[in-house]
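Work through the exercises below with the sequence and the 3D view side by side, and try each task before reading its solution.

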Amino acid sequence: MTTDFATAPRRLENMDDLVSLCARRGFIFPSSEIYGGINGFWDYGPLGVELKQNLKACWWQRMVRERDDVVGLDSSIICHPRTWEASGHTEHFSDPMVDCRACKKRFRADQLDDIGSCSAREGSSEHDLTEPRNFNLMLRTSIGASEDAASLAYLRAETCQPIFNDFKRVRETARQKIPFGIAQIGKAFRNEINPRNFTFRSREFEQAEMEFFCHPREREKWFSHWLEERLCFHRELGLDDEYLRTRRHEEGELAHYAKQAVDVEYRFPFGWQEIEGIHDRGDWDLRRHSEYSGKDLGVTDPETKEHFFPMVVETSVGVDRTCLAVLCHAYTVETFEGGDERTVMRFHPALAPLKAAVLPLSKKLAQPARKLHLELRRHWNVFYDESGNIGRRYRRQDEVGTPFCLTYDFDSEDDRKVTVRHRDSMSQHRIAIDAVVDYLREQLENSG
Ligand code: ATP
């Protein structure tokens, strides 16, 4: 195989190419597909769930395990309904919505740029839009046997509110003092008016949020710290600066309680869009939950005896949106001299769903190759594939982003070596079977 390209490798331009790869290779596909799908809901298949778990593990490692001053939480999805009154969601968590009187379609009033034409009007292709009305985005459910106002509950619209509910208990049991943070990864639900751009705007999605509680005089310092930390995280996942930027919210855009907010944006094929928000939420949440619950969520400085509500700096990243950014970023099509093409997902090895594949050159070599596979999968998610010609098997692994292929051939029996093929460079060399674990560990841990 020659590595001379006929043209420069192509990045993802059309989302349809990625949507199709994701469905074909079992990364992500519509939920309830056999019933025609359900708008705004997606399922992650065998490779998608690995990718997402790897991403969450990187976040958890960085945000919780490597720090003394952040602890984890896994709260219930349904909270006491008063939570959402205190947080302001029942009153304010809405988007302006307009309806087309002719075709009956519904749109977000602040996103009317690409709504297409109306198919139901005579003499005009323009939609006949109503005045904007506010539409609350919280998904409702009811608890218990009766379905009256008393049983009304909401699926959480963001993962942070239960963090505030649990603030006192977590602080005391974890014996934490201000400044410290509480982190959680979990599902959130929003009844979005127009789910779109694949998983980008879904109705069910995952967030990884961290609320950092600090003294009022330190809020600026921690805001800068977390903004920098979070940018580093995205860079370390392989999203380079050309595709990453920050956008500071204008005064009029800020939530009424927020002092400042910066979005981390990724350049998707459909434009620059937010993947994470860093927010200075002030003492709004703790104050409100204190007021609504009657429990004092303030803290007392042990030295000065000052009693105060800590200020909150929040980092809130969408797991699905970041997965989507990672998928978009990894997608590459290479065209070789002679017209041959390969699609390769250049995932950072830490995120790659499969770290390696063991490929016996012939089915006759299945037994020793399987032995190697069994050993490797004690350490990583490693695939085994003995069907089809070796070139096609390499391509299948390239398309799902497996960083290393290990080919067991007839010489392996004698020299106790296998061929390692690198996904990105396609370079190949032989290494001792006994050294494979150390080699992969070295390569996987020192990459990036
Ligand atoms: P947007 O303005 O795009 O609706 P937002 O500002 O309301 O997003 P936040 O409430 O700050 O978003 O939520 C934090 C993160 O959660 C976002 O940066 C995004 O990654 C993720 N997120 C929010 N809404 C959705 C959604 N409908 N689908 C997927 N991810 C979402």
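**Exercise 1. Locate Pro179 and describe the peptide bond before this residue.**

Solution. Begin with the place: Pro179 lies in the loop between helix H6 (167-173) and strand E10 (180-189), where helices (H or I, at least four residues) and strands (E, at least two) are DSSP runs numbered from the N terminus. Next, look at the bond itself, which joins Ile178 and Pro179 and is a cis peptide bond with omega at about 0 degrees. The model is predicted, so local features need pLDDT of at least 70 and side-chain atom pairs count only at pLDDT 80 or more, while totals for chains, interfaces and linings use all residues. Residues are numbered from 1 along each chain as its sequence is written, and side-chain values use heavy atoms, with hydrogens and water left out.

**Exercise 2. Decide whether Asn197, Lys305 and Arg67 are buried, partly exposed or exposed.**

Solution. The cut-offs for relative accessible area are under 20% for buried and over 50% for exposed, with partly exposed in between (1.4 Å probe, protein chains only).

- Asn197, in the loop between E10 and E11, has a positive phi near 55 degrees although it is not a glycine, and this residue counts as partly exposed because its relative accessibility is 29%.
- Lys305, in the loop between strand E15 (299-300) and strand E16 (307-308), has a positive phi of about 65 degrees, again without being a glycine, and Lys305 is exposed because its relative accessible area is 59%.
- Arg67, in the loop between helix H2 (46-65) and strand E4 (70-73), counts as buried because its relative accessibility is 17%.

**Exercise 3. Find which strands supply the shell around the ligand, and which polar atoms of the protein lie by its oxygen atoms.**

Solution. First take the shell: 15 residues surround the ligand, the closest being Glu192, Arg201, Ser202, Glu274 and Ile275, where a residue is near if one of its heavy atoms lies within 4 Å. Strand E11 (204-214), strand E14 (271-282) and strand E17 (311-318) each supply at least two of the shell residues, and E14 gives the most, with five.

Then turn to the polar contacts, which are pairs of N or O atoms within 3.5 Å. An N or O atom in the side chain of Arg201 is 2.8 Å from an oxygen atom of the ligand, a polar backbone atom of Gly318 is 3.0 Å from a ligand oxygen, and a polar side-chain atom of Arg321 also lies 3.0 Å from an oxygen atom of the ligand.

Key
A polar contact is a pair of N or O atoms within 3.5 Å; within protein, one must be able to donate a hydrogen and the other to accept it, and residues adjacent in sequence count only if both atoms are side-chain atoms.
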